[in-house]
Structures are given as structure tokens and as C-alpha cells.
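Me: I would like to go through some of the labels used for this model and ask what each of them rests on.

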Amino acid sequence: MFDVKTKSMQWGEETLTLETGKVARQADGSVIATLGETSVMANVTFAKEEKPGQGFFPLTVHYQEKYYAAGKIPGGFFKREARPTEKETLTARLIDRPMRPLFVPGFKHEVLVMCTVLSHDLVNDPDIVALIAASAALTISGVPFMGPVGAARVGFEDGEYILNPTIDDMTQLRNNPEQRLDLIVAGTRDAVMMVESEAYELSEAEMLGAVKFGHEALKPVVDLIIALAEESAKDPFDYTPPDYSDLYAAVKAAGETEMRAAFALTDKQERTAAISAARETIRGKLTEEQLEDGNLGSAFKKLESSILRGDIISGGARIDGRARDQVRPIVSEVGILPRTHGSALFTRGETQGLVVTTLGTGDDEQFIDALHGNFKSNFLLHYNFPPYSVGEVGRVSGPGRREIGHGKLAWRALQAVLPASTDFPYTIRLVSEITESNGSSSMASVCGGSLSMMDAGVPLKAPVAGVAMGLILEDDGQFAVLTDILGDEDHLGDMDFKVAGTENGITSLQMDIKVAGITPEIMEQALSQAKDGRLHILGEMNKALSSGRQEFSAHAPRIETMTVPTDKIREVIGSGGKVIREIVEVSGAKVDINDDGVIKIASANADSIQKAYDMIYSIVAEPEEGKVYKGKVVKIVDFGAFVNFFGKRDGLVHVSQIENRRLNHPSDVLKEGQEVWVKLLGFDDRGKVRLSMKVVDQETGEEAKRDETAE
């Protein structure tokens with residue numbers, strides 16, 4: 001009934017297996033990839049006809065994590081997987097980015113790739129497995145795909161690169177100073193196609209070495225996919241790339257002069273308007289048949305690309321007049337919003353980000369329900385890209401894949417320099433509002449985010465800056481690496497290479513290639529040029545603020561931490577939370593306590609924090625033998641008086657310890673509610689507290705000099 005084909009190999013410390021032929025046999029390509037006990041099923045289908053007038057390549061990638069894969073039931077009210085999580089969205093982008101450039105140019109049939117996590121061993125992250133499964137499914141489907149693509153994760157510990165480190169190694173990267181890298185590399189056997197990483201100030205040489213290590217590690221995966229395809233691939237889809245050379249020649253003849261004049265304008269708005277006018281001029285000179293040709297958009301793009309690329313490769317200036325390694329003018333401002341905890345406006349050319357920092361307490365941490373476990377995050381970064389930032393009218397909705405991806409890139413760049421939560425017990429939320437955009441708004445979010453947090457008083461280990469690099473690569477091998485690319489240079493170029501870091505090293509690297517890959521020589525030059533650009537940007541940022549402010553905003557909460565023994569946690573919380581609720585109500589401060597006994601007390605009022613601290617201290621602290629305390633008589637009995645002297649601790653003052661004379665009854669000198677000074681003499685054999693009044697001067701509270709013979 002089944003024609004199952006399976007290929008396996010030893011990959012690092014685990015076995016990688018690819019299987020096809022048993023499941024989802026009606027899909028054009030279906031592969032289940034398994035690494036260890038993590039399994040992901042990838043299914044590929046594609047339309048056999050192109051939609052009329054299709055002007056772009058409609059590739060859609062979905063990645064789904066099923067909770068049953070880890071033996072879990074989803075949280076929430078509905079107990080069902082719903083909209084994609086941030087992890088699912090980011091992984092879908094991770095799969096899309098290296099695949100998209102490898103489809104045959106001109107192919108515009110709809111393609112759907114669906115990856116489903118079937119099993120998760122809590123050791124091997126499914127994202128790499130999903131990427132491999134998707135590549136294998138595309139390779140055997142018959143779709144015109146110039147793969148296959150392999151992928152690998154790379155760690156860096158004690159100066160050594162590690163292939164496919166475990167989830168435990170990567171999840172708490174910030175808490176493991178020895179583990180300095182989480183990098184994903186995807187590519188063909190000949191070239192790297194995509195890089196995604198977060199790092200802890202790695203040098204350019206260390207980062208380049210990691211990319212090379214990952215590329216070598218993925219080559220056997222490519223060979224395994226090829227071996228599977230040799231036995232199970234479907235016949236290639238009969239597709240011939242469209243020949244629009246005659247149409248391109250007509251477009252070029254009709255308006256090359258006008259298009260060149262448009263690209264000579266340095267202002268983005270003027271240039272965009274002039275390009276639109278040039279296109280209308282060209283359309284006016286074309287025949288009805290040429291106007292209805294579905295490849296007209298490709299012909300326009302080819303003309304624009306040839307003008308922009310040709311000028312740069314020939315040694316001319318870029319479209320805004322800059323040299324290849326020149327960064328646009330930068331203006332940095334901080335503290336521009338009076339009621340926020342921290343704010344910055346970072347402007348680089350025609351790209352601008354307004355980044356705002358809000359400091360919160362433990363109540364504000366984000367609870368994340370993931371396949372490998374539930375955890376909290378105290379650093380949030382949200383990126384918004386409204387239509388007005390590019391002068392357009394558009395539908396405004398919730399964050400899309402682009403917003404989530406750009407926000408995560410900025411998050412990765414900044415999280416490496418955050419202080420330890422034990423040193424800075426705040427939840428930090430950054431919001432980047434992109435108010436203008438003409439290239440590299442994610443890197444503007446990094447720069448603005450660094451400034452905004454320092455304005456809020458966050459003690460960053462070092463300021464962080466980011467820069468986007470571009471590439472023009474011609475068929476004859478000539479290339480040009482561009483620093484701080486514009487939107488048009490990104491759109492018409494061959495690479496988007498984003499590098500963020502401090503003066504000491506790289507904290508994040510993201511690379512997407514639109515051609516069949518780049519050489520190590522090009523990547524090395526791009527990293528070197530990016531370092532120069534990054535250091536220049538840091539210098540410009542330092543003119544506004546170079547380190548965290550010493551004082552918080554008057555509107556930000558203050559947080560103090562204290563640690564109590566774990567066996568005292570129950571006493572602080574009380575039955576049903578009664579005690580901790582009373583502390584909050586009486587003091588007016590927020591109080592959070594974790595399982596390790598770390599208590600965070602938060603309030604904008606210092607007196608409230610101190611009051612809560614004192615109340616908690618009185619519960620958990622132990623009285624010291626030989627020390628004098630002020631207490632209150634709570635009960636009088638025939639043999640003495642019970643005095644509340646330390647928090648809720650009571651002790652007995654025996655009748656013989658009240659005064660240096662014989663008393664008939666304690667009530668001769670004491671009454672309930674009376675305040676007295678007592679000295680803790682110690683504890684009896686049963687642990688009962690023994691107190692004395694007669695050894696303390698009841699007027700001053702100082703220990704009195706005693707006549708040893710008086711007792």
C-alpha cells in the first residue's frame with residue numbers, strides 16, 4: 001500500500017532521518033524529517049497554472065507547533081492551537097527566506113509549504129528540522145526549485161563551535177556566559193543563503209568562522225536530500241521561464257532616459273514620484289498587447305535594476321550621492337517625551353524611529369507557553385511600521401510577519417547587553433514606532449532602543465548600534481558592498497546583511513541572499529565594512545547619550561529586592577495569600593515573590609517600599625540573642641507577661657525578670673498594651689523565648705548595669 005523511502009545519517013550526536021511515501025500522499029511533496037526524537041512533517045503543493053495577471057511569486061510558508069508533540073494540552077480557554085505564536089511566525093520566515101530565491105526566475109504559480117511539528121523531544125529545536133523537511137519536500141515535489149537547501153545551528157563555547165546545541169543550551173543564553181552564540185545557517189552545497197543569529201559580542205572573525213562551520217555542517221544534509229530525491233522525486237513540472245527580452249527592449253527604448261533622470265534625484269519622495277512618472281511615460285509608448293503582457297512588471301524592474309546597479313558597479317555614486325561605505329547623516333535625541341520612563345528619536349537619513357522604554361514590575365513579565373516548557377520574559381520589544389512611514393495609504397491591522405520579524409531582530413541585538421535580572425529587577429518593554437522609512441528601520445530600532453533604555457536609566461553593559469549592508473553582484477564576478485542601504489538598494493540589490501553590536505563585537509547578524517549565494521570573500525568584506533559603519537554610528541549616538549542615566553524618571557517605579565529562606569516563603573504569603581495581601585494594602589507597594597525566595601518590592605514611593613520591606617523582614621528575620629527590643633505587653637498571667645517584641649513573635653517575661661524586686665503579681669507594674677523594653681535572654685529547651693525587662697533601662701532602652709547579687 002505504501003512506497004516508503006527512507007534515508008538516514010549520523011549528524012553530530014543525533015541521527016537525522018528523512019522519510020516519504022507513507023503520509024500525505026496527495027501532496028506534491030511530503031517528507032517527515034526526524035532528528036533525535038523531534039519530528040516535523042513538511043507538505044508542499046503548488047498550482048499547475050498561473051493566475052492571470054500575477055505580478056509576484058506567491059509563496060506561502062506555514063509552520064505549526066502541535067502541543068501534542070510534547071505531550072501538552074494548550075493553555076487558555078479554548079484549549080486549541082489558534083493564531084500563530086511568535087515562534088511559529090519567526091520559524092515560517094526562517095524557512096521562507098532561503099527557499100524563495102531558489103525558485104526558477106519568472107515562476108509565479110502559487111506554492112504552499114506547510115510544516116507541522118509531530119513530535120518534540122525537548123532537546124532538538126524543531127525549527128532546523130522543519131527547514132530541512134521543507135527543503136526535502138520541495139526537492140521531491142517536481143516544482144521548479146533549484147535546491148536543495150540544508151541548515152544547521154551553531155553554538156560557540158570556550159572558543160569552540162558546537163553543531164546543533166540543545167534547547168537547554170540556547171533557551172537561557174543570557175544566563176550562560178560561556179555560551180556566546182545561537183546561529184542558524186541555511187544554504188546550498190555551494191553557498192550560504194541565509195544567516196540568523198544572536199550573539200554575545202563576537203568578533204568579526206569569530207562570526208565568520210561560525211558561518212563557515214555551519215555551512216560545512218549542512219553539506220551532508222544536502223547530500224542526504226539528494227539521495228532521497230534520486231529515489232522518490234516526481235517528474236519536473238513542465239515550466240519554461242518566460243522570455244520577455246523583446247518587451248524589455250521596448251520598455252528600455254521608451255523611457256530609459258526618463259528613468260535615469262528619476263534615479264538621479266537624491267530625495268526619496270521626489271525620486272519615487274519621478275519613477276512613477278517615467279513608468280507612465282513608458283506605458284504611453286507601448287502597444288496594447290505589451291501593456292497586457294504579464295511580464296511588464298518584471299521588465300520595469302529589470303530596467304530600474306540595470307540603472308541602479310550599473311552606476312554603482314561602474315564606480316559612480318549611489319542614488320543619493322553617497323560613497324559605497326558612507327553612512328547617511330544621523331541625528332540622535334533622547335528624553336523627548338516627558339511622561340515616559342525613557343525615549344529616543346533616532347534619525348538616519350530618511351529613516352526614523354521613535355523608541356519608548358517602559359519599566360515595569362514582575363507582574364508585567366510576559367508568560368510564554370512553549371512546547372519545551374512555560375517561562376517568563378522580562379524584556380519585550382515591539383516594532384510598528386505604519387503606512388504613513390513610507391507616505392502611503394494602507395489598511396492598519398495587528399502586527400504581521402514583517403513587524404514580528406523586525407522586532408525580534410532588534411530584540412536579539414539588544415538582549416546581549418542587558419543587566420542581569422538580579423542587578424536590575426525590572427521588566428523592560430521597548431516600543432519602536434517607525435515614523436519614516438527608507439531602508440533599515442530594524443537597525444534604527446536597535447540604535448533608538450539602546451538610547452531609549454539608557455535614557456530610562458537601564459545600566460546597559462555597552463551601547464548597541466546596527467547597520468544594514470547591501471550587495472551588487474554581477475554575472476562576471478564584479479561586486480560592490482554598500483553600507484547603510486536605501487530601500488531601493490535593498491529592493492534592487494542582491495543581499496540584505498544586517499549587523500548589530502557594540503564597540504567590542506557583534507550581538508546580532510541577519511543575512512538574506514537573493515542570488516544563488518555569496519563567497520566568504522564577499523562576506524568578510526561586508527563584515528569589515530559593517531564594523532566601520534557600526535563604530536561611526538556609535539560615535540554619533542554618543543553625542544546624545546553614552547551611558548545609562550543615574551536617575552530614573554519620576555514616573556517610573558522603584559524596585560527593591562530581598563531574599564528570604566525558601567522555608568519562610570509560606571509565612572510571607574500566608575494562608576490563601578492573606579499575609580502578602582495585607583502587606584500590599586498597608587504599604588501601598590507591589591510585592592512579588594518567586595520560588596527561590598527572591599522578593600521584589602515595587603512602588604514610586606520610597607516610604608511604601610521601606611514599609612513593605614520592614615513588614616516582610618519582621619516575618620522572616622530571627623531575633624538575636626542578647627539584643628534589646630521594644631515590645632508591647634499582649635497578655636498578663638500569674639507567672640509573668642507575654643510581650644510581642646519582634647514582628648509577630650511573642651516571648652515570656654517571667655515575673656522574676658520584670659523588676660529588681662519581688663512582685664506579688666505582674667499586674668502590679670504592667671498592663672496590657674503597655675510598651676516596654678526587653679532583652680532577649682535566649683531560648684529554653686522547648687524553644688520558648690525568654691525575655692527580661694529588669695536588665696534594660698525602661699526610660700532609654702539601653703541595657704542597664706546590674707548588681708550581680710541582686711538576682
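Me: What makes the side chains along strand β11 (residues 330-334) alternate?
Reply: I330, S332 and V334 point to one face and are buried, where buried means under 20% relative accessible area, exposed over 50% and partly exposed in between, with a 1.4 Å probe and protein chains only, while V331 and E333 point to the other face and are not buried. This is a predicted model, in which local features need pLDDT of at least 70, side-chain atom pairs count only at pLDDT 80 or more, and totals for chains, interfaces and linings use all residues. Residues are numbered from 1 along each chain as its sequence is written, and side-chain values use heavy atoms, with hydrogens and water left out.

Me: How do you know that β11 and strand β12 (residues 342-348) pair?
Reply: Pairing requires that DSSP finds at least two bridges between two strands, and β11 and β12 have 5 bridges, in the antiparallel sense; the bridge partner of S332 in β12 is F346.

Me: Why is S440 called buried?
Reply: Its relative accessible area is 10%, so S440 counts as buried. S440 lies in the loop between β17 (427-436) and α10 (441-455), and, leaving aside neighbours within four places in sequence, S440 is in contact (heavy atoms within 4.5 Å) with R348, T351 and A468.

Me: Why are α1 and α9 called roughly perpendicular?
Reply: The axes of helix α1 (residues 86-99) and helix α9 (residues 401-415) cross at roughly 95° and come within 10 Å. Angles of 65 to 115 degrees count as roughly perpendicular, under 35 as roughly parallel, over 145 as roughly antiparallel and the rest as oblique, and α1 and α9 are therefore roughly perpendicular to each other.

How values were computed
Axes are lines fitted to C-alpha atoms, for helices over the stretch in contact, and angles run from 0 to 180 degrees between N-to-C directions. Helices (H or I, at least four residues) and strands (E, at least two) are DSSP runs, numbered from the N terminus.
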